[in-house]
Amino acid sequence: MAEYEAVIGLEIHVQLSTQTKMFCGCKLSFGDTPNTHTCPVCLGHPGTLPVPNHEAIRSAIKIGLALNCDIAPRSMFHRKNYFYPDLPKGYQISQFDPPICGEGELAGVQLERAHMEEDAAKNIHVGESGRVQGASRTVVDYNRGGTPLVEIVTKPDIHSGAQAREWLQLLRATVKQLGVSDVNMEEGSLRCDANISIRRVGQTELGTKTELKNMNSFRFIERGIDAEIARQTALLDVGEKVSQETLHFDPASGSLTSLRSKEEAHDYRYFPEPDLVPVAPSEALIDEIRASLPELPLQKAERYEKELGIATDTAKFLAFNADLGAYFESVLAVAGDGADTKRIGDWVTGELIARIGADANPAESKVTPEALARLIELVKEKAVNNTGAKLVLDKLVESGGDPDAIVESEGLAAMGDSDELAGIIDAALEANPKAADDMRAGNMKAIGAIIGFVMKQTQGRADGGEVTRIVREKLGL
């Protein structure tokens, strides 16, 4: 899009992994029988009083510190008023101003705020689509009602679906590293809304924004944002206006549907929650929480790059994926001093992930860190070439085992500068006289035919680099 610039702000809800709900002692447990973890407080019965969950407050401060936010010395809870079946009180306890975490920043994206609130219950629409449209009836599971949340709001600093996806992956990794949430997107522990507008390049005034609601997959978030940017661009290109509305993105069809317009937008009529005192964390408490912060993904990526010599993209990939990063460090530990860190990083993020899937936890695969470290060492020693090593890795992923034993049993040991290899190269030159002549004339691409002949004869065991060296030597190049 050369003519327009997308401007995107995100609102992310993070469900905290506390033992109990935000304002009562009901247990938090995903997937239990509906309506088995409720009480008069979270069901909003008259006369009941909420009591703040101190563990949730500590977690919120921890998130704020990790995101470089200002921690408010005194923040308030407010009632956010609206009526919906999943909110029996008729209001949600949230924070308006001041929130517990003020402005912050993560990887160049400015944060407006991060505040605490309770989650609503869960509506279950009975019908084939699972959505309210076309449902025969709707039932409510109040187990989720009252779950502690932190809502993180960015400023409009993001400009594409891909950037939103990468930044959210960093945010998710950061929160997961803190240990305050499982950030399981499939179970709704991390949900994202995106506010999207476009404007002509060079303009400073924001265009009319729309909102994409409740996206819970990085891939769908990227696709949804890009689809909405394309929709708004098409409207402006034909002289039409963008309407302020809330939209739903259907990942199956790639389509966008309107949920409600500006005229139907809620007026929440915030006012201070009279049953809760302000939150006023002491400096000592904030310092204690700050001292407990672990190494965060952004710091880890910087360490991988500067201390281990890992390429920037690979370092980020490892650091932003906690399971992958932990496995990578396990392989490093096994390899010991002098480990080829770059080669290990490339094998973990390349060949291994290509076989087990980007979302898999490699620690749960059959490829132990010891086996992968040994396989990489075999390649470094030229005991097996890259082609053979990939076949060994296939076997390890399938059944586990010892790389040395697999190399031997499968006959994958690399051929060195042996008389046998020299003889096969002589045969290759004889069988491909035109390729040999082309090489003598300066066309080095012609060596492909010769290498292909050698690899076929050796069943892939020859080292390509060594074959090239001997061919050039024999042709006097």
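This passage describes a pocket, a helix and a pair of strands in a predicted model.

The second largest pocket of the model has a volume of about 980 Å³. Its lining is made up of 25 residues, of which Gln169, Arg172, Phe218, Ala358 and Asp359 are the closest to the centre of the pocket. Two or more lining residues are contributed by each of the helices α2 (161-178), α3 (218-237), α6 (312-320) and α7 (322-335), and the largest share, six residues, is that of α2. When the lining of this pocket is divided by class, 11 residues are charged, eight are nonpolar and six are polar.

In helix α15, which spans residues 464-474, the buried positions include Glu466, Val467, Ile470 and Val471. Viewed down the axis of α15, the buried residues fall within an arc of 135°, and they therefore line one face of the helix. This arrangement may be read against the geometry of such elements: an α-helix has 3.6 residues a turn, so residues three or four places apart point the same way. The cover over the buried residues of α15 includes α12 (419-431), α13 (433-440) and α14 (447-458). Just after α15, glycine 476 adopts a positive phi of about 70°.

Strand β6 (residues 122-126) presents two faces, a covered one with Asn123 and His125 and an uncovered one with Lys122, Ile124 and Val126. In a regular strand the side chains alternate between the two faces of the sheet. Strand β6 pairs with strand β7 (residues 137-141) in the antiparallel sense over five bridges, and within this pairing asparagine 123 stands opposite valine 140 of β7.

Key:
Residues are numbered from 1 along each chain as its sequence is written. This is a predicted model: local features need pLDDT of at least 70, side-chain atom pairs count only at pLDDT 80 or more; totals for chains, interfaces and linings use all residues. Side-chain values use heavy atoms; hydrogens and water are left out. On a 1 Å grid over the protein atoms alone, a cavity is a set of points where a 1.4 Å probe fits but cannot get out, and a pocket is an open set with protein on both sides within 12 Å along at least five of seven lines; lining residues have an atom within 4 Å of a point. Grid points are joined across faces, edges and corners, and a volume is the space filled by probe spheres set on the points. Helices (H or I, at least four residues) and strands (E, at least two) are DSSP runs, numbered from the N terminus. Ala, Val, Leu, Ile, Met, Phe, Trp, Tyr, Cys and Pro count as nonpolar, Asp, Glu, Lys and Arg as charged, and the others, Gly among them, as polar. Buried means under 20% relative accessible area, exposed over 50%, partly exposed in between (1.4 Å probe, protein chains only). The arc is that of the directions from the helix axis to the C-beta atoms. Contact means heavy atoms within 4.5 Å. Two strands pair if DSSP finds at least two bridges between them.
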